[in-house]
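Here's a quick tour of the fold, starting from the outside and working towards the sheet. Have the model open as you read.

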Amino acid sequence: LNVFYEDSVNFDKDLLEFGTQGGVHIHEDGLTVTSPVLMWVQALDIILERMKASGFDFSQVLALSGAGQQHGSVYWKAGASRVLTSLSPDLLLHKQLQACFSIRDSPVWMDSSTTVQCRRLEAAVGGAQALSCLTGS
């Protein structure tokens with residue numbers, strides 16, 4: 001369980017085509033904050049390609065961990081599991097997965113576009129503390 005390789009991708013600099021600032025798109029309403037799902041997948045492609053170019057021995061990999069400042073919700077389409085079970089190691093992930101997500105831009109932790117709905121959920125279960133006790137969050 002030792003770390004054998006560590007790398008990072010800066011979304012704004014390494015993936016200019018997505019046009020993010022701080023890895024996100026802040027929408028005109030100021031409440032909706034999203035990140036392109038394929039940007040995250042393409043970032044993984046970049047790191048895997050760097051590893052491959054470095055001669056990294058993938059045969060010893062037991063697990064892959066990803067961490068970052070972007071916490072978002074990714075929504076898979078029905079049928080995505082078929083694509084996941086038939087991935088080709090010869091093709092980039094973002095090319096293979098581009099049709100697998102139900103929305104292109106995921107809401108991230110900074111999004112507050114559903115505040116009204118969240119307050120309604122809180123009220124329906126008896127308040128913020130009740131919701132926290134129920135969900136652990």
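## Surface and overall shape

The protein exposes an accessible surface of about 10000 Å², and carbon and sulfur atoms account for 56% of that (Shrake-Rupley method, 1.4 Å probe, with only the protein chains shown counting as cover for residues). Of its 137 residues, 23% count as buried, meaning under 20% relative accessible area with a 1.4 Å probe, protein chains only.

This is a predicted model, where local features need pLDDT of at least 70, side-chain atom pairs count only at pLDDT 80 or more, and totals for chains, interfaces and linings use all residues. Residues are numbered from 1 along each chain as its sequence is written, and side-chain values use heavy atoms, leaving out hydrogens and water.

The radius of gyration is 18 Å, against near 14 Å for a compact globule of 137 residues (taken over C-alpha atoms; the globule rule is 2.2 Å times the number of residues to the power 0.38).

## Layout along the chain

Six helices and three strands make up the secondary structure, in the pattern α-β-β-α-α-α-β-α-α. These are DSSP runs numbered from the N terminus: helices are H or I with at least four residues, strands E with at least two.

## The sheet

The three strands form an open antiparallel sheet, ordered β1-β2-β3; pairing takes at least two DSSP bridges between two strands. At the edges sit β1 (25–26) and β3 (105–107), each pairing on one side only. Two bridges link β1 to β2 (residues 33–36), and I26 has V33 in β2 as its bridge partner.

How values were computed
Buried < 20%, exposed > 50% of the residue type's maximum accessible area, 1.4 Å probe, protein only.
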